[in-house]
Every structure is written in C-alpha cells, then in structure tokens.
Amino acid sequence: EEGISVSHYDMIFLKPIDTEILKEVAEKNCPIITVEDGIKDGGLGSAVTEWLNDNGYDRKVTRIGVPDKFVPHGKVPELMKLCGMDEDAIYEAIVNARKSSRS
C-alpha cells in the first residue's frame, strides 16, 4: 500500500555465513534489517555487521531479535510483541530504515 519494496534473504546458517548473499545485499546500498528468532546480541545481525565492516562496507544494520534480558513466559504472539519482533515492529523498522536512508 505504501510503495515499499523489500527483499528477503533466508540465512539458513550463521556459520559459515553466506558471503555471496552478504555481498549481494551490501552492493544494493539499501537499508539492511536482520530478524532472528534468537538472541540479538552476538547473533545474525552482529555477524552481518562484522562482515560488512571487515569488507569495507559502511552500512547501518537494524537488528531485531530477543533482547539480552529476562523474558517472562507467555504465548508466542505475546512474547514476539514484548521483544519487538512481531509484525508491527518489523514493519516499523522497515519504515524507519527507509526514512533514515533518504536523509
């Protein structure tokens, strides 16, 4: 509805990381958002950021994942919202990254 076009890459493995996909994404020069069903710190987003830095790409990466804090028990949809990993949070991250890239 809002004219947002995205690409989705499925990074099946964190190690070894798929450098061909990372190079393809880095060369598109568009916002990068990682979403993982696991801990944010030290996860996929961190690995992507490290690879970009090590290979000379000055790119901002928005990382979405489980925060490094105690998360109470609950139903999956509740926990996804609480951790900022639900559909609304991902959409907001896309919109914000898009705005930032235009500035």
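**Pockets, strand pairing and a salt bridge**

In this predicted model, the largest pocket has a lining of 25 residues, and those nearest its centre are Ser7, His8, Pro31, Ile32 and Ile33. Two or more lining residues are given by each of the elements α1 (19-28), β1, α2 and α4 (87-102). Of these, α4 provides the largest share of the lining, with 5 residues. The space in the largest pocket amounts to about 770 Å³. By class, the lining of this pocket comprises 17 nonpolar, 5 polar and 3 charged residues.

The second largest pocket holds about 190 Å³ of space. Its lining is made up of Asn29, Cys30, Pro31, Ile32, Arg59, Lys60, Thr62, Ala97, Ser100 and Ser101. Here too the largest share comes from α4, which contributes 3 residues. The lining of the second largest pocket divides into 4 nonpolar, 4 polar and 2 charged residues. Pro31 and Ile32, listed among the residues nearest the centre of the largest pocket, also appear in the lining of the second largest pocket.

Strands β1 and β2 run parallel and are joined by 5 bridges. Within this pairing, isoleucine 33 stands opposite threonine 62 of β2. The connection from β1 to β2 passes through α2, and the resulting β-α-β crossover is right-handed. Both residues of the facing pair recur in the pocket linings: Ile33 is one of the residues nearest the centre of the largest pocket, while Thr62 lines the second largest pocket.

The structure contains 1 salt bridge. This salt bridge is formed by arginine 63 and aspartate 41, whose closest N and O atoms are 3.5 Å apart. Arginine 63 belongs to strand β2 (residues 61-66) and aspartate 41 to the loop between β1 (32-39) and α2 (44-54), so the pair ties together parts that are 22 residues apart in sequence. As for solvent access, arginine 63 has a relative accessible area of 28% and is partly exposed. Aspartate 41, with a relative accessible area of 41%, is likewise partly exposed.

Technical notes
Residues numbered from 1 in each chain as written. Predicted model: local features only at pLDDT ≥ 70, side-chain atom pairs only at ≥ 80, totals over all residues. Heavy atoms only, no water. Salt bridge = Lys/Arg side-chain N within 4 Å of Asp/Glu carboxyl O. Helix = DSSP H or I, 4+ residues; strand = E, 2+ residues; numbered from the N terminus. Buried < 20%, exposed > 50% of the residue type's maximum accessible area, 1.4 Å probe, protein only. 1 Å grid on protein atoms, 1.4 Å probe; cavity = no way out; pocket = protein on both sides within 12 Å on 5 of 7 lines; lining within 4 Å. Points joined across faces, edges and corners; volume = space filled by probe spheres on them. Nonpolar A, V, L, I, M, F, W, Y, C, P; charged D, E, K, R; others polar. Pairing = 2+ DSSP bridges. Right-handed = clockwise from strand over helix to strand, strands pointing away.
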